[in-house]
Amino acid sequence: MSPSTTPVSKTPRASGPGDNTENTISLRTALLVIAFAIALMAMPSFVQRLFRPMSTAMGITSSGGGSPRVAIPENAEKCTVGAGCFWGVEHLYRKHFGDKGLYDARVGYTGGDSKSPSYKSVCSGKTGHNEALLIYFDPEKLTYRQLLEFFYRMHDPTTANRQGPDTGTNYRSGIYYHNEEQEKIAKEVTQQANDQWYKGRIVTEVVAAGPWWDAEDYHQKYLTNNPWGYECPSHFLRPFEPLEQK
């Protein structure tokens with residue numbers, strides 16, 4: 001007769017130092033991932049700009065590529081301004097004038113010496129170009145003066161070659177007029193804004209418009225296609241009283 005066998009009960013293993021180590025590592029990993037995500041969102045503009053061309057080339061943006069031109073009526077007039085990173089400048093103008101007579105707005109480069117500048121070369125500061133916005137508008141619904149008064153409200157014209165954390169000649173404040181009438185209005189509005197709003201501190205350049213170069217397609221309507229993209233913190237509307245006409 002075979003001897004009976006007694007089942008052996010399994011005793012749960014007591015947790016030891018190894019388990020605490022594994023838990024600590026998991027917690028640290030989670031915290032590192034969260035910290036990295038927060039750092040990425042608060043990334044300085046110059047680091048973000050370093051990744052912009054690469055991220056676009058890899059298809060990370062949501063634009064789908066290409067930015068077809070809008071048909072511009074013959075009666076359209078142009079307004080060209082520079083107010084720092086052109087993403088935010090375009091976004092604000094489209095937001096406020098998109099249904100008030102704005103036909104189109106193109107981001108690009110002007111005020112420099114070289115031909116066919118690229119985003120990379122402009123950011124280097126060696127070409128002399130400014131990041132700018134070329135606006136096509138209906139003069140029967142929107143005036144050049146309105147666009148310039150908005151210009152002086154939506155950015156800081158008192159910092160030379162800088163907007164917020166973005167520094168360099170390609171971020172300078174500028175108005176680039178297209179004819180004598182625009183020159184007259186630009187200088188009048190600048191003087192009024194300087195006296196009434198900025199107490200003599202405006203450093204905006206007011207010069208004749210030179211050759212214009214459209215920026216690469218992925219820059220067009222950038223913040224429309226990339227809602228969480230970088231926008232210069234100095235781009236917001238100042239609550240000024242309307243300029244007094246003299």
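Colleague: Why is Lys221 called partly exposed?

Modeller: In this predicted model, Lys221 has a relative accessible area of 36%. Buried would need under 20% and exposed over 50%, so Lys221 falls in between and counts as partly exposed. Lys221 is found in the loop between β8 and α7 (222–225).

Colleague: What is noted about phi of Lys221?

Modeller: Phi of Lys221 is near 50°, a positive value in a residue other than glycine. Ser116 also has phi near 50°, and Ser116 sits in the loop between β2 and α4 (119–123).

Colleague: And why is Ser116 called exposed?

Modeller: The relative accessible area of Ser116 is 55%. The cut-off for exposed is over 50%, so Ser116 counts as exposed.

Colleague: What makes Glu90 buried?

Modeller: Its relative accessibility is 2%, and buried means under 20%, so Glu90 counts as buried. Glu90 lies in helix α3. Leaving out residues up to four places away in sequence, Glu90 touches Ala105, Val107, Leu133, His219, Gln220, Lys221 and Tyr222. You can find Lys221 again in that list.

Colleague: How do you know that Cys85 is in no disulfide?

Modeller: The nearest cysteine sulfur, that of Cys232, is 7.1 Å away. A disulfide needs the two sulfur atoms within 2.5 Å, so this pair does not qualify. Seen from the other side, Cys232 has the sulfur of Cys85 as its nearest, at 7.1 Å, and is in no disulfide either. A search of the whole structure finds zero disulfides.

Colleague: Are these two cysteines buried or exposed?

Modeller: Cys85 has 1% relative accessibility and Cys232 has 2%. Set against the cut-off of under 20%, Cys85 counts as buried, and so does Cys232.

Colleague: Now the sheet. What makes β7 and β8 its edges?

Modeller: Look at the order first: the open sheet of six strands runs β7-β6-β1-β3-β2-β8, with mixed pairing. β7 (205–208) and β8 stand at the edges with a single partner strand each, so one side of each is left without a neighbour in the sheet.

Colleague: How do you know that β2 pairs with β8?

Modeller: Two strands pair if there are at least two bridges between them. β2 and β8 (residues 213–214) have two bridges, in the antiparallel sense, so they meet the cut-off. Tyr109 stands opposite Trp213 in β8. β2 also pairs with β3 (residues 130–137), in the antiparallel sense over eight bridges, and there Leu102 stands opposite Phe137.

Colleague: Why is β2 described as largely enclosed?

Modeller: Eight of the nine residues of β2 (residues 102–110) are buried, so the strand is largely enclosed by the rest of the structure.

Colleague: Which other strands of the sheet pair in the antiparallel sense?

Modeller: β1 and β6 do, over four bridges, and Ala83 stands opposite Ser173 in β6. Helices lie against the sheet too: α6 packs on it, touching β1, β6 and β7, with its direction at about 150° to that of β6. α3 lies across β1, β2 and β3, running at about 170° to β2.

Colleague: What makes helix α5 mostly covered?

Modeller: Eight of the eleven residues of α5 (residues 144–154) are buried; among them are Tyr144, Leu147, Leu148 and Tyr152. The buried residues of α5 pack against β1 (77–83), α3 (86–97), β3, β6 (173–177) and α6 (180–196).

Colleague: Which residues have the most contacts inside the largest nonpolar core?

Modeller: They are Tyr93, Tyr144, Leu148 and Tyr152, in a core of 44 residues. α5 gives the most to this core, with seven residues. Leu148 touches Cys79, Val81, Ile175, Ile185, Ala186 and Val189, setting aside residues up to four places away in sequence.

Colleague: Last one: where does pLDDT stay under 50?

Modeller: It does over residues 1–5, for which the model has zero contacts beyond four places in sequence. Residues 40–48 are also below 50, and that stretch has eight contacts beyond near neighbours in sequence. Where pLDDT is low, the predicted coordinates should not be read in detail. Over the protein, the average pLDDT is 84, and 75% of the residues score at least 70.

Methods. Residues numbered from 1 in each chain as written. Predicted model: local features only at pLDDT ≥ 70, side-chain atom pairs only at ≥ 80, totals over all residues. Heavy atoms only, no water. pLDDT = per-residue confidence, 0-100. Contact = heavy atoms within 4.5 Å. Buried < 20%, exposed > 50% of the residue type's maximum accessible area, 1.4 Å probe, protein only. Axes fitted to C-alpha atoms, helices over the stretch in contact; angles between N-to-C directions. Core = buried A, V, L, I, M, F, W, Y, C linked by side-chain atoms within 4.5 Å.
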